[in-house]
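Student: I have a model open and would like to go through its interfaces with you. Could we check each term against the values as we go?

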Amino acid sequence: MTTRTVRRSRGPLFLLAMPLAWSLAVFDLFVVGWMALSSLKTTREVVHDPWGLPSELQWGNYGEAWTSAAFGDGVLNSLLLVTGSGLGTILLAAPAAYVLSRFRWRLSGPVTVFFAMGLGIPGPAIMIPIYLGLDRMGLIDSLAGLLIVYIATNLPFSVFFLTAFFASLPRELEEAAALDGSSPYHTYWRVMLPLTRSGLIALFILQAIGDWGETFFALSFLREQKTISLTLLNFIQTMQYTGARWSVLFAGICIVVIPLLLLYLWMSSRLIEGIAAGYGK
Amino acid sequence: MMISRGGTAIIAAVCLLAACGGQPGGTGKEITIWSMWSEGEPNQKVLAEAAKDFEKETGVRVRTQWKGRAAVKTLLPSLNTDNVPADLVEGNNRELTRQFAATKAALDLSDVYGAKVHGEQATVADTVGEAYGRMATSADGVVTQLPYQVSTYGWFFNGRTFPELVTAPPKTWEDFTAVLRGQQAKGRSPLGQDGSIPNYNVRYLEHFARALMGDEGWHALAPDRTGRGWLSPEVLKAATMVESLAKGGYFPAGFNATKFPAMQQKWAGGESDFLYQGTYLPKEVAPYADPGFEFRAFRFPSVEGRTPTMNVTTTGFGIPEKARNAADAKRFLTFFLQKKYQEKVSSVALEMSVRKDVPAAAQVADLKRALDSGEINKADVVDVGDFNAKVLLPLSDELLFGKITAAGFTRKMAENAAAYWKSKG
Amino acid sequence: MATPVLERTAARPAVRVEGIGPFEAARRRMIGPFLLPALLVYALVMIVPSVFTVWISFNDWAGAGPMEWAGLGNYTEMIADPVFGQSFVNTMKILFGVGGAVFLISFVLTMLLQDMVGRKFVRAVVFFPSLVPGLVIAILWGFMLDPDGLANSVLEALGVAEPPLWLAPENMFTTVMAGMTWLAAGTYTVIFMAAADRIPRAFYEAAELDGASAVRRFWHITMPLMWDVIGVCAVLWAIGALKTFEFVLVFAGATGSLPPTGLWTFSVYAYAGAFPSDGVPRYGIASAAAVLTMVLTVVLTLLVRRVMGRRERTDY
């Protein structure tokens, strides 16, 4: 889309709002930069000169954070959870959203609202019943148990999100596919789903962010198993009680956040690509 | 529950993808501890060492999970099931005598109190002492905690800056305010305070009031359904003292516009002179203190001739009724109370042991002496639910920040307390 | 449990559908296999426990152990509780005040970024705050908004004699709202842009010829064509606002202590019931607050759908 060449009229509002966009961007960059920079200082520098540059880059903070927070225990589990729940959710939510948004049948409205209701269910309110259910199935302290919880709690948002994407696709596409003799399943897989690719990617990213940092359910349902956010939480608390070494703490935070940042940067270009593929010619 | 039957198919499918966690075996001689410490904390090291020695001496395997402060909270849901994962759960006395005890799933530890400390002559009850034992008892009279460690509050200061206060701490509130005014005359804001934490802000009012009206008098106020107790002259007097503290300019400008722990770190950095905080303070702020900072603390001075008793929080263990191996868990408790581990609580963790024969570190020695003499707040075990969070703390904040007068405070307390109790029906 | 319902629907086509050919019939047979797996997982893990939560709200319960029937006691207590009133007001401020600001900013950004130089870059960057844990943002703001922090140093350098105390109790809620606006604006901008990108270029090219301004183009082409997405976002925002919780908790408290009641929202109220810092947990009243959140969610969802639906018909 950046290749659009048509000249645009630029009103006064545009000139007024332009600095807003840029200052927001600069501020956001500043936040991430500050976090990264603080992870390379000494704690004294963080506290007494929070806005200055480090006198010497303390790469050792990362090693120290990695070992003392024991991130190693949680990384693999978190990767499994994030991928599993992202794919699992899409696998369940995309077909549901498709039939809810593109088919006119009596219950599509009520069922959509039924799913949306799940958005309003606060996690802490249903923790104990879920715990009891998982316990019956022997799924306490199991990744599979947590995965099910993540997928289920992601469903309301995902169904809702994808419903909008499906609903905004032009009706003619399906009709044209039908005229070509394509079966409804084929239409879904070959025509409709590829068009929502940008939506699916966005959804995956949003879920990955949520699940990567999720602590409440993980804390409630895991015991010996760890996720990376649990190790970070534990680390931050230990830091608070033993006198926060901010620099090491920031290094720990960076270790957790940087993979997310990379995922986002990588996937957001895929997102553009997906759009280009859909509308390119 | 319905989940179990209906969900089995899906669960089975998911289990194929990710290996399901097996049940931990519980047949051998083994106990599991859910500790409130995290790996790397000094207290964790003390407990880990004791666990190792216990294994060696008894042959009982000890598995310890370092849960951090939420240990009790995280254990609660499992008490609804038959798989209670811990034989020992560590927490403070409030968690164990209220949250844990309220589930009716806590084992009564009376027999542990009757037993002898491992390798010693004295019983556990004698070693812990009557006061802490009472704090370990729930409202229904079930002994749900075995405490080993005590924390309390003190006025912390730098012994280097005020060597005279190390040997002769101020005895009366007037003595103390004289010191504060002397510092003010030197252009300093003498009192540090993290004004963003309501629980810290109420401490002045609470100590003044307990000195003036006694512990029972103060603790009778919250449950008073009419709210009229708050209009008593003692409360007004205590509130007036807070008001003059607020208006005296002792706190640094903007002390309530920072984020915890900014103010206690600034205090350690020398921005102010005194800070009323828990005995865990030195551990939290040591990295920010100037080299050579000597942490010292004295207890709250007397008000009109009466010294407020010490507020105490104890740390210790509880045992769930459904614990797999309660017998060995109890043995561990008598084991951990031995002098050699309790000395480490003092020397390694820099905390105070419940044991009177274990001296405290120099920084809190004054406080430990007061505790050992038994002057502790015995009425503190009353549970007033969310009264503090909803009624007392918001108004006490306004009082300390100088937004309302003492008279305004007592009047509003009376009104809001009555409204609170009315909402409870 | 949902299968018979679906079969009935399939057998008795809705009147609205004009004529059922083999294609339409095949489509109807898809509904079951496409919908049921999601419905089943969702119902078992979220709805069944929620029914349990409704049941708890009529009892007094400490989270384990004996339950005591309380009837409507938890609800009447909650409604009579002034702190709940305060939480309600705060939640509404977030719902409408912050919501208005977030949508306005996101619209402006989407509009600007549609043809700005460096749009990819800015879009990537405005999303960053959503990647950073709330706890880190809380720490950063603590450093930045401290009376001696960066914000006030800058203001003082600019000649402001008495810069505001951002974190003072009287300003705290406003600061929290500003923080939420900043966090959410980036997320919604990214979502809106993803939607705007899907609009075929031909629509704009037609408009170019008429010489439409950026604002008019956005108003007349972009907005109507992404109306569904805006509707979803409105619902999401409303529900997210009702559940506002973590940001307040990490922003205004130390670990293990609750923020001052002046900052409470619905969800903080519910959380404070189930996880008090001191006393016995009260799952009954926490559940009552949760049930109210769920009811409001349904009402809001229906309301927004209705409003958006009407708009959709008139604009197309």
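Tutor: Gladly! Let's begin with domains: their bounds come from an automatic or database domain assignment. On that basis, chain B is divided into domain 1 (29–151 + 313–364) and domain 2 (152–311 + 382–423). Keep in mind that this is a predicted model.

Student: What makes domain 1 and domain 2 of chain B count as being in contact, and how many residues take part?

Tutor: Contact needs heavy atoms within 4.5 Å. Twelve residues from domain 1 of chain B and twelve residues from domain 2 of chain B take part. The centres of the two domains, taken over C-alpha atoms, are 31 Å apart.

Student: How do you know how much area is buried between domain 1 of chain B and domain 2 of chain B?

Tutor: The buried area is the accessible area the two parts lose on being put together, summed over both. Here that comes to about 930 Å², with carbon and sulfur atoms giving 52%. On the domain 1 side, B:Arg98, B:Ser151 and B:Gln363 supply 51% of the area buried against domain 2, more than any other three residues.

Student: Why is the pair B:Lys283 and B:Glu351 called a salt bridge?

Tutor: The rule asks for a side-chain nitrogen of Lys or Arg within 4 Å of a carboxyl oxygen of Asp or Glu. The closest N and O atoms of B:Lys283 and B:Glu351 are 3.0 Å apart, so the pair qualifies. The rule finds one salt bridge across this domain interface, and three residue pairs are in polar contact there.

Student: Which elements of chain B each supply at least two residues to the domain 1 side?

Tutor: Helix H2 (42–58) and strand S4 (146–158) do. By class, that side has six nonpolar, four polar and two charged residues.

Student: Now for chain A and chain C: how many salt bridges does the rule find across their interface?

Tutor: Zero, so no pair across the interface of chain A and chain C meets the 4 Å rule. Eight residue pairs between these chains are in polar contact, though. Helix H1 (residues 12–38) of chain A gives the most to the side touching chain C, with 17 residues.

Student: What makes up the side of chain A that touches chain C, by class?

Tutor: There are 82 nonpolar, twelve polar and nine charged residues. The contact takes 103 residues from chain A and 98 residues from chain C. Together the two chains bury about 9,600 Å², 78% of it on carbon and sulfur atoms.

How values were computed. Residues are numbered from 1 along each chain as its sequence is written. Chains are lettered from A and ligands numbered from 1 in the order in which they are written. This is a predicted model: local features need pLDDT of at least 70, side-chain atom pairs count only at pLDDT 80 or more; totals for chains, interfaces and linings use all residues. Side-chain values use heavy atoms; hydrogens and water are left out. Buried area is the accessible area (1.4 Å probe) that two parts lose on being put together, summed over both. A polar contact is a pair of N or O atoms within 3.5 Å; within protein, one must be able to donate a hydrogen and the other to accept it, and residues adjacent in sequence count only if both atoms are side-chain atoms. Helices (H or I, at least four residues) and strands (E, at least two) are DSSP runs, numbered from the N terminus. Ala, Val, Leu, Ile, Met, Phe, Trp, Tyr, Cys and Pro count as nonpolar, Asp, Glu, Lys and Arg as charged, and the others, Gly among them, as polar.
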